[in-house]
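Take a look at the model below. This report covers two backbone oddities and two ligand shells.

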Amino acid sequence: MSEQKKAFEHVIRERWCKGCNICVAFCPKQVLVLRNGKVHAAHPDQCIGCRMCELRCPDFAIEIREKGSAESLGRDASEVDYAIKPEAHQ
Ligand code: SF4
Ligand code: SF4
């Protein structure tokens, strides 16, 4: 029996995003890009919900939610697997 893949949404507060590229660089799945100086989820279906982007953003400009949920996944950094390697630099 195959496990259903979870889907995630990216809540982006464009006014807070300064286009620093940190989230883009840390995303292990290359989901994010900068577009006109703001972050944009170009490949949302590739997102694994690791929240690396959310926790690394210095401006709280991006938040990850499970699709269909109005609630944030939380901001507990201890839940994040920091061993996941960013692919953007490879
Ligand atoms: S939650 Fe993880 S996989 Fe999804 S966009 Fe953020 S860093 Fe990338
Ligand atoms: S880390 Fe934050 S401020 Fe920097 S590009 Fe990403 S969302 Fe924007």
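Asn21 is partly exposed, because 13 other C-beta atoms lie within 10 Å of its own. A residue counts as exposed at 12 or fewer such neighbours and as buried at 20 or more. Keep in mind that this is a predicted model. Asn21 sits in the loop between strand S1 (8-12) and helix H1 (22-26). Its phi is near 80°, a positive value in a residue other than glycine.

Phe60 also has a positive phi, of about 55°, although Phe60 is not a glycine. The loop that holds Phe60 runs between helix H2 (52-56) and strand S4 (62-66). Phe60 counts as exposed, because it has 12 C-beta neighbours inside 10 Å.

Now turn to the ligands. Around ligand 1 there are 15 residues. Cys27, Cys47, Cys50, Met52 and Cys53 come nearest to ligand 1.

Asn21 appears again at ligand 2, as one of the residues that surround it. Four cysteines belong to this shell: Cys17, Cys20, Cys23 and Cys57. Lys18, Gly19, Ile22, Val39, Asp59, Ala61 and Ile62 are also part of the shell around ligand 2.

How do the shells divide by class? The table gives the counts.

| Shell | Nonpolar | Polar | Charged |
|---|---|---|---|
| Ligand 1 | 12 residues | 1 residue | 2 residues |
| Ligand 2 | 8 residues | 2 residues | 2 residues |

Asn21 thus links both topics: its phi is positive, and Asn21 is among the residues around ligand 2.

How values were computed:
Residues are numbered from 1 along each chain as its sequence is written. Chains are lettered from A and ligands numbered from 1 in the order in which they are written. This is a predicted model: local features need pLDDT of at least 70, side-chain atom pairs count only at pLDDT 80 or more; totals for chains, interfaces and linings use all residues. A residue is near a molecule or strand if its C-beta atom, placed from the backbone, lies within 6 Å of it. Ala, Val, Leu, Ile, Met, Phe, Trp, Tyr, Cys and Pro count as nonpolar, Asp, Glu, Lys and Arg as charged, and the others, Gly among them, as polar. Helices (H or I, at least four residues) and strands (E, at least two) are DSSP runs, numbered from the N terminus.
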